[in-house]
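Notebook open. I want to look up two loop residues and the ring interactions.

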Amino acid sequence: MSFSKRTYLILAIPILAALVWASTTLAAQGELTVPAGTALHVRLDHSLATNQVRSGDMFTATVTRPVVVDGTAVIPEGARARGLVTYAKESGRLKGVAQLQLTLDAIQVGDRWYEVQTSGITRVGGNHKKRNILLIGGGGGGGALIGALAAGGKGALIGGPIGAGAGIAVAALTGKKDFRLPAETPLQFRLTEPVSMPPVS
């Protein structure tokens, strides 16, 4: 009995599907699922400064605590981690607070990188308001004093705005409040989606 090419193709399809399923099952055997909500503790490999990084920049970190599932380690201490700057905002001189948002996107175990989805962390710089009030208010007061000494009350009215303008200029020149996360800064992220990984050998 002979078979046509079409018959061979029809017979081959379920066989190929079974082979793919078997290979996928074998590849998955032995892997453990790290559940969502698991904490990932890392430390920065290099510094990140709000006036130097941009949204979309990558950073690297090192895992500082092993991740264990059912008594078995799946992410060892010392594993490499890769992250993303999801938002970076440089401080303004008179207003605008510096901000930095980070997330992890991959962990290396052995020779393989595993993509991960984690919560983000946000760091926010200092506010300008108090310092600017002191600089601008102090400048105005100084101008008024100089004006009063020079020309009495009328001079004080003239000197006040001049001094305030000088205070604003000083604030504009010195008022930036960027910040820097130095290398070795500890950070904690949490998985937002589970990830399957093999036990550490």
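I take contact to mean heavy atoms within 4.5 Å. By that rule asparagine 51 is in contact with Glu90 and Asp178, leaving aside its neighbours within four places in sequence.

I note that this is a predicted model, where local features need pLDDT of at least 70, side-chain atom pairs count only at pLDDT 80 or more, and totals for chains, interfaces and linings use all residues. Residues are numbered from 1 along each chain as its sequence is written, and side-chain values use heavy atoms, with hydrogens and water left out.

Asparagine 51, continued. I find asparagine 51 in the loop between β3 (48-49) and β4 (58-63); strands are DSSP runs of E, at least two residues, numbered from the N terminus. C-alpha to C-alpha, asparagine 51 and alanine 98 are 8.4 Å apart in space and 47 residues apart in sequence.

Threonine 118 next. I locate threonine 118 in the loop between β9 (112-115) and β10 (121-124). Beyond its neighbours within four places in sequence, its contacts include Leu40, Phe189 and Arg190. The side chains of threonine 118 and threonine 103 share a polar contact of 2.9 Å. I count a polar contact as a pair of N or O atoms within 3.5 Å; within protein, one must be able to donate a hydrogen and the other to accept it, and residues adjacent in sequence count only if both atoms are side-chain atoms. A polar atom of the threonine 118 side chain also lies 3.1 Å from the backbone nitrogen of leucine 104.

Methods:
Helix = DSSP H or I, 4+ residues; strand = E, 2+ residues; numbered from the N terminus.
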